Amino acid sequence: MTYLAELKQSGDFLTITRNNEFTLEPVNFTLDNGTLVEVHDTGVIQFTPAGETTKDIVLSSAVHGNETAPIEICDELIQHIITGKLALAQRVLFIFGNPKSINIGKRFVDENLNRLFNGAHNQETDNPEKVRAQKLEGYVRAFFEQDDGERYRCHYDLHTAIRGSKNEKFAVYPFLHGKPWKKSQLQFLLSCGVNTVLMMRSAATTFSYFSSYQFGADAFTIELGQVKPFGENNMASFAKTKETLKALISQEEVEYKEFNANDFEPFTVYRTINRTQAEFSFPFPDSAENFTGFAKGELLATDGDKQYFAEVEGEAIIFPNANVALGQRALLTVIPLEVDENFI
Ligand SMILES: O=C(O)CCC(=O)N[C@@H](CCC(=O)O)C(=O)O
Ligand SMILES: [Zn+2]
C-alpha cells in the first residue's frame with residue numbers, strides 16, 4: 001500500500017488527500033492505543049476507539065476548498081490522533097470535502113458542493129462535485145447507521161465566510177421542521193467561541209441540513225472567521241474551537257458553562273433572496289460586513305428589474321454574493337430572535 005507507511009508515520013492525511021484529488025484506495029490499521037483507523041476514500045477518515053463509546057461525531061472541512069482555517073484545525077486533530085498525542089473517547093469521522101478545490105484555492109471547481117446534498121446531486125449532468133456529494137452522503141450514512149443502538153450523533157461542518165462579519169464567528173442552525181433548538185448545542189458553540197446563531201426556516205441542500213434532517217444529528221454550519229489562504233490564518237483566534245473539539249472527541253462527557261440567554265445573539269432568517277437574472281447587484285461594497293443592518297426602505301439588492309428593499313428596521317445581511325449561479329441564494333437577511341420556549 002503506497003501511502004500507508006507515510007500515513008502511520010506522519011499522520012498527514014491532508015497531504016495524502018491533496019495528492020489524490022478524486023479517489024484513494026481504502027486502508028485500515030490499528031493504533032498502539034487500540035483505535036481503529038479506516039480510510040474510506042480521499043479526504044474521508046474514520047476513527048473508532050477500542051473502548052466503549054457513546055457518540056458518533058462528524059467533523060467536516062473543505063466543503064469549500066479556499067476556507068483554510070477549518071482545514072488546518074482538522075489536519076492538526078487528525079495528526080495528533082494518528083501519532084498518539086490525542087486519545088479518543090468517541091467515534092469520529094473527519095471529512096475534507098473537496099480536495100481539488102483545496103489545491104486550486106477556490107470555493108469550488110465546477111459547482112458549489114454545499115448546494116448538492118440531500119439528494120440535490122441527482123441531476124442528469126454529472127460533475128466531480130455531484131459525484132463527491134453522493135459519495136460523502138454514503139460515508140456519513142454508513143458512519144451514523146453502523147450501530148443501531150441509541151447513540152448520540154452530531155456533525156459540525158466548519159467554514160469561514162467570504163466577507164468580514166460584525167459577529168466574527170457564527171453558526172447556521174439548519175431548519176428543524178418544528179423541533180426545538182437545543183440550549184446544550186448553544187453551550188457547545190459558546191465554548192467554541194461562537195455566540196451568534198442563525199435559525200434557518202426552510203429545508204436546504206447543505207451538508208449540515210443533510211445530517212440534521214436524515215439522521216437527527218445535532219448539525220451546524222459553523223463560520224469561524226473570514227477566508228484566508230493557508231499560512232495567513234491567525235490560529236490564536238481558533239484556539240477555543242480547537243480545544244472544544246478536542247474535548248468533544250477525547251472525553252466521555254464535556255462540561256460547558258451553564259446556559260445563560262444573555263451570552264448569545266440568536267437571529268432568525270427573515271428571507272432568502274435568490275439571484276434569478278444575469279444582472280444582479282448589491283448597492284453596498286464588498287467591504288460591507290455580514291450582520292450589517294439596514295434601515296427600513298433601504299435598497300438591499302437588484303435582480304434584473306426587481307429591487308429588494310429592507311422591510312423591517314435593522315434587517316441585516318448575511319452571505320451577500322452576487323456571483324452565485326442563477327437560481328441560487330445570493331443573500332440571506334436576518335433579524336434578532338428571543339430565547340424562549342422554542343429552546344429546550
Ligand atoms: O461567506 C459566504 O458568502 C459563504 C460562506 C459559506 O460558505 N456559508 C455556507 C453556509 C451554509 C448554510 O447555509 O448552512 C454556504 O453558503 O454554503
Ligand atoms: Zn463555506
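**Helix packing, a zinc site and two unusual backbone angles**

Helix H7, which spans residues 207–215, is mostly covered, with 7 of its 9 residues buried. The model described here is predicted, and this helix makes a convenient place to start. The buried residues of H7 are Phe207, Ser208, Tyr209, Phe210, Ser211, Ser212 and Phe215. What do these buried residues of H7 pack against? Their partners are strands E4, E5 (91–96), E6 and E9 (218–226), together with helix H5 (128–145). Just after H7, the backbone takes a positive phi of about 65 degrees at glycine 216.

From H7 it is a short step to histidine 177, a residue of the loop between strand E7 (170–173) and helix H6. Leaving aside neighbours within four places in sequence, histidine 177 is in contact with Tyr209 and Tyr213, and Tyr209 is among the buried residues of H7 listed above. Histidine 177 itself is partly exposed, its relative accessible area being 40%. The C-alpha atom of histidine 177 lies 8.1 Å from that of alanine 203, although 26 residues separate the two along the chain. The backbone of histidine 177 also deserves a look: its phi is positive, at about 55 degrees, although the residue is not a glycine. Most residues other than glycine have a negative phi.

The loop that holds histidine 177 leads to H6, where Gln185, Leu186, Gln187, Phe188, Leu189 and Leu190 are buried. These buried residues of H6 pack against strands E6, E7, E8 (196–199) and E9, and also against helix H8. Like H7, which has a positive phi at glycine 216 just after it, H6 has a glycine with a positive phi just after it, in this case glycine 193 at about 95 degrees.

The pairing of H6 with H8 can be described more closely. Helix H6 (residues 183–191) and helix H8 (residues 239–250) pack at an angle of about 130 degrees, and their axes are 8 Å apart. The two helices are therefore oblique to each other. On the H6 side the contact is made by Phe188, Leu190 and Ser191, and on the H8 side by Lys240, Thr244, Leu245 and Leu248. By character, the residues of this contact divide into 4 nonpolar, 2 polar and 1 charged. Of the contributors from H6, Phe188 and Leu190 are listed among the buried residues of that helix.

A metal site comes next. Which atoms coordinate the zinc ion (ligand 2)? The donors are ND1 of His64, two OE atoms of Glu67 and ND1 of His159, at 2.0 to 2.2 Å. Along the chain these donors follow the spacing H-x2-E-x91-H. Histidine 64 belongs to the loop between strand E4 (55–61) and helix H3 (68–82), whereas histidine 159 sits in strand E6 (residues 152–161), so the pair ties together parts that are 95 residues apart in sequence. Both histidines are covered: histidine 64 is buried, with a relative accessible area of 3%, and histidine 159 counts as buried at 2% relative accessibility.

The loop between E4 and H3 also contains alanine 62. This alanine has a positive phi of about 60 degrees although it is not a glycine, and at 1% relative accessibility it counts as buried. Alanine 62 is one of the residues touched by phenylalanine 96, which is found in strand E5. Phenylalanine 96 is buried too, with a relative accessible area of 1%. Not counting residues up to four places away in sequence, its contacts include Phe13, Leu14, Ile71, Cys74, Ile78 and Ile102, as well as Asp75 and Arg132. The C-alpha atoms of phenylalanine 96 and valine 63 are separated by 6.8 Å, with the two residues 33 places apart along the chain.

Finally, the cysteines: how many disulfides does the structure hold? The count is 0. For cysteine 154, the closest cysteine sulfur is that of cysteine 192, 10 Å away, which is too far for a bond. Cysteine 192 is likewise in no disulfide, its nearest cysteine sulfur being that of cysteine 154. Cysteine 154 is buried at a relative accessible area of 0%, and cysteine 192 is buried at 2%.

Terms used. Residues are numbered from 1 along each chain as its sequence is written. Chains are lettered from A and ligands numbered from 1 in the order in which they are written. This is a predicted model: local features need pLDDT of at least 70, side-chain atom pairs count only at pLDDT 80 or more; totals for chains, interfaces and linings use all residues. Side-chain values use heavy atoms; hydrogens and water are left out. Axes are lines fitted to C-alpha atoms, for helices over the stretch in contact, and angles run from 0 to 180 degrees between N-to-C directions. Helices (H or I, at least four residues) and strands (E, at least two) are DSSP runs, numbered from the N terminus. Angles under 35 degrees count as roughly parallel, over 145 as roughly antiparallel, 65 to 115 as roughly perpendicular and the rest as oblique. Contact means heavy atoms within 4.5 Å. Ala, Val, Leu, Ile, Met, Phe, Trp, Tyr, Cys and Pro count as nonpolar, Asp, Glu, Lys and Arg as charged, and the others, Gly among them, as polar. A disulfide is a pair of cysteine sulfur atoms within 2.5 Å. Buried means under 20% relative accessible area, exposed over 50%, partly exposed in between (1.4 Å probe, protein chains only). Donors are N, O and S atoms within 2.8 Å of the metal (3.2 Å for Na, K and Ca); water is not among the atoms, so sites may look incomplete.
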